[in-house]
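Reader: I am new to this structure and should like to learn how to read its features. May we take them in turn, with the general idea before the particular case?

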Amino acid sequence: MAPSFAAAMMGRHVLGVMPVERGSLLFTVVDVAGHPELEGRSVHEAFREHEWRVLAVGSATAHPASSSGDTLAGVRFRRPGFDWRPPHGRVLRAADRVVLATTRRGLDILMTGVQPHPVDRRG
């Protein structure tokens, strides 16, 4: 899938797209609240191979600001910003917001809560 098409398809959730092999890697910000795949799990437990990985954890109550802070895709976040090295044991809470590296399929699962049919990863 073309990266620009993937970004348009996923709308505002996508911060950036990077082509990888035969697909695309999407960088997204997601509020943890309401996502059972994330909420109450550690950063390590929330990892799903071939679907998504938590890159950073911040507060869902932090609002975009023009002051200094972390940046991602040109967006500034008020301090304390995101922890770009969260401990694997850090438990994700409803009040958290995470930056994810995800596949299109992984973001579909997170946004809809529906597990699509398994993908045959052989050959």
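Reader: Is Asp31 buried, partly exposed or exposed?

Author: Please keep in mind that this is a predicted model. A residue counts as buried under 20% relative accessible area and as exposed over 50%, with partly exposed in between. Asp31 has a relative accessible area of 33%, and is therefore partly exposed.

Reader: With which residue does Asp31 form a salt bridge?

Author: The sign to look for is a side-chain nitrogen of Lys or Arg within 4 Å of a carboxyl oxygen of Asp or Glu. Asp31 forms such a bridge with Arg97, and the closest N and O atoms are 2.7 Å apart. Arg97 belongs to strand β6 (residues 96–102) and Asp31 to strand β2 (residues 23–31), so the pair ties together parts that are 66 residues apart in sequence. Arg97 itself counts as buried, because its relative accessibility is 15%.

Reader: How many salt bridges are there by this rule?

Author: The count comes to five. Among them is the bridge between Arg90 and Asp96, where the closest N and O atoms are 2.8 Å apart. Another joins Asp96 to Arg93, with the closest N and O atoms 3.4 Å apart. Through the shared partner, Arg90, Arg93 and Asp96 form one network.

Reader: Which of these residues are buried and which are partly exposed?

Author: Asp96 has a relative accessible area of 2% and is therefore buried. Arg90, at 23%, is partly exposed, and Arg93, at 48%, is also partly exposed.

Reader: How should one read the two faces of strand β6?

Author: In a regular strand the side chains alternate between the two faces of the sheet. In β6, one side carries Asp96, Val98, Leu100 and Thr102, while the other carries Arg97, Val99 and Ala101; all of these are buried, and both faces are covered. Since seven of the seven residues of β6 are buried, the strand is largely enclosed by the rest of the structure.

Reader: Which strands pair with β6, and in what sense?

Author: β2 pairs with β6 in the antiparallel sense over six bridges. Strand β3 (residues 52–59) also pairs with β6 in the antiparallel sense, over seven bridges. To follow the pairing by eye, find Phe27, which stands opposite Ala101 in β6. Then find Val54, which stands opposite Leu100 in β6.

Reader: Where does Ile109 lie, and is this residue buried or exposed?

Author: Ile109 is placed in helix α3 (residues 104–112). Its relative accessibility is 1%, so Ile109 counts as buried. One can also compare position in space with position along the chain: Ile109 and Trp52 are 57 residues apart along the chain, and their C-alpha atoms are separated by 9.9 Å.

Reader: Which residues have a positive phi although they are not glycine?

Author: Most residues other than glycine have a negative phi, and most peptide bonds are trans. Here, Glu21 has a positive phi of about 50°, and His50 has one of about 65°. Glu21 lies in the loop between β1 (14–20) and β2, whereas His50 is found in the loop between α2 (43–46) and β3.

Reader: Are Glu21 and His50 buried, partly exposed or exposed?

Author: Glu21 counts as exposed, because its relative accessibility is 82%. His50 has a relative accessible area of 45%, so this residue is partly exposed.

Key. Residues are numbered from 1 along each chain as its sequence is written. This is a predicted model: local features need pLDDT of at least 70, side-chain atom pairs count only at pLDDT 80 or more; totals for chains, interfaces and linings use all residues. Side-chain values use heavy atoms; hydrogens and water are left out. Helices (H or I, at least four residues) and strands (E, at least two) are DSSP runs, numbered from the N terminus. Buried means under 20% relative accessible area, exposed over 50%, partly exposed in between (1.4 Å probe, protein chains only). Two strands pair if DSSP finds at least two bridges between them.
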